[in-house]
Amino acid sequence: MAREEFPLERQLRKDIQDAQRARDQLKLDTLRMALGAVHNLEVARTDRKNPEFGQPLTEGDTLKVLEQEIKKRSQAIPFYKQGGRTELVEKEQREMEILQSYLQGTQLSDDDLRAIVAKLIDENGKEFRKVMPLAAKETKGRAEGARVQQIVREMTA
């Protein structure tokens, strides 16, 4: 039985069709790659050796895949700059912007993050090593890890 698609996946598929109609090759390739990465995660979970074997895909997993793809782009850009490949730098940056547009609506603001971290500090004390893993778990898929870490450091210092 096929599983129910998540709103994010449906949006990706719809935008792929729009990009085809608009003949926007970069957007088309980027969105297909993102959907492919989601599909690969789903397929990986059919492998008995996978720690997440048999677990159904969630909307959070889809967001995590998009975050990983954005991270890959942001890590590649400095190397392309170093190699003087400006056309690849521009391509990666445009792909990153396309993917980030899907995460924008789901991301927590800094104020929301501070409220979550403040609550965790109240409950668990002001020690970074105690608060950080809890904050990471609490904000998973809704805030970039580096941003969470920065705010936790700020508030536990």
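This passage walks through the predicted model, from its overall fold to its cores, selected residues and largest pocket.

The protein chain is built from 7 helices and 0 strands, and reading along the sequence gives the pattern α-α-α-α-α-α-α. Along its principal axes, the C-alpha trace spans about 55 × 50 × 30 Å. Of the 157 residues in the chain, 34% count as buried. Among contacts with a separation of 6 or more, 57% join residues that are 24 or more positions apart. As for confidence, the mean pLDDT of the chain is 86, and 96% of the residues reach 70 or more. Among the elements, helix α2 (residues 25–44) has the highest mean pLDDT, at 92, and α6 has the lowest, at 84.

The interior is a good place to go next. In soluble globular proteins, nonpolar side chains tend to be buried together. In this model, the largest nonpolar core has 19 residues, and Leu31, Leu66 and Tyr102 have the most contacts inside it. Two or more residues of this core come from each of α1 (7–22), α2, α3 and α4, with α4 giving the largest share, 6 residues. Another core lies apart from this one; it has 13 residues, including Leu113, Leu120, Ala135 and Ile151.

Leu66 shows how the largest core is put together. Not counting residues up to four places away in sequence, Leu66 touches Leu8, Ala34, Leu99, Tyr102 and Leu103. One of these partners, Leu99, lies in helix α4. The C-alpha atoms of Leu99 and Leu66 are separated by 6.6 Å, although the two residues are 33 apart along the chain. Leu99 has a relative accessible area of 0% and is therefore buried. With the same sequence neighbours left out, the residues touched by Leu99 are Thr30, Met33, Ala34, Leu66, Glu69 and Ile70. Ala34 thus appears in the contact lists of both Leu66 and Leu99.

Two residues of helix α3 add further detail to this picture. Thr62 is found in α3 and counts as buried because its relative accessibility is 1%, below the 20% cut-off. Beyond its neighbours within four places in sequence, Thr62 is in contact with Phe6, Leu8 and Val38. Val65 is also placed in helix α3 and, with a relative accessible area of 4%, is likewise buried. Its contacts, again leaving aside neighbours within four places, are Ala34, Ala37, Val38 and Leu41. Val38 is therefore a contact of both Thr62 and Val65. By way of spatial reference, Val65 and Lys91 are 26 residues apart in sequence and 19 Å apart in space, C-alpha to C-alpha.

Other residues are less enclosed by the protein. Arg23 is found in the loop between α1 and α2 and counts as exposed because its relative accessibility is 74%, over the 50% cut-off. Its backbone also deserves a look. Most residues other than glycine have a negative phi. Arg23, which is not a glycine, has a positive phi of about 55 degrees. Asn124 has its place in helix α5 (residues 110–124). At 28% relative accessibility, Asn124 falls between the 20% and 50% cut-offs and so counts as partly exposed. Apart from neighbours within four places in sequence, Asn124 is in contact with Lys130 and Leu134. The C-alpha atoms of Asn124 and Asn40 are 38 Å apart, and the two residues are 84 apart along the chain.

The last feature to describe is the largest pocket. Rolling a probe the size of a water molecule over the atoms shows where empty space is left. About 570 Å³ of space lies in the largest pocket. Its lining has 21 residues, of which Glu67, Lys71, Ala143, Glu144 and Gly145 lie nearest the centre. The helices α3 (59–82), α4 (86–103), α6 (128–139) and α7 (145–156) each supply at least two lining residues, and α3 gives the largest share, 6 residues. By character, the lining residues divide into 7 nonpolar, 8 polar and 6 charged. Helices α3 and α4 thus supply residues both to the pocket lining and to the largest nonpolar core.

Key
Residues numbered from 1 in each chain as written. Predicted model: local features only at pLDDT ≥ 70, side-chain atom pairs only at ≥ 80, totals over all residues. Heavy atoms only, no water. 1 Å grid on protein atoms, 1.4 Å probe; cavity = no way out; pocket = protein on both sides within 12 Å on 5 of 7 lines; lining within 4 Å. Points joined across faces, edges and corners; volume = space filled by probe spheres on them. Helix = DSSP H or I, 4+ residues; strand = E, 2+ residues; numbered from the N terminus. Nonpolar A, V, L, I, M, F, W, Y, C, P; charged D, E, K, R; others polar. pLDDT = per-residue confidence, 0-100. Buried < 20%, exposed > 50% of the residue type's maximum accessible area, 1.4 Å probe, protein only. Contact = heavy atoms within 4.5 Å. Core = buried A, V, L, I, M, F, W, Y, C linked by side-chain atoms within 4.5 Å.
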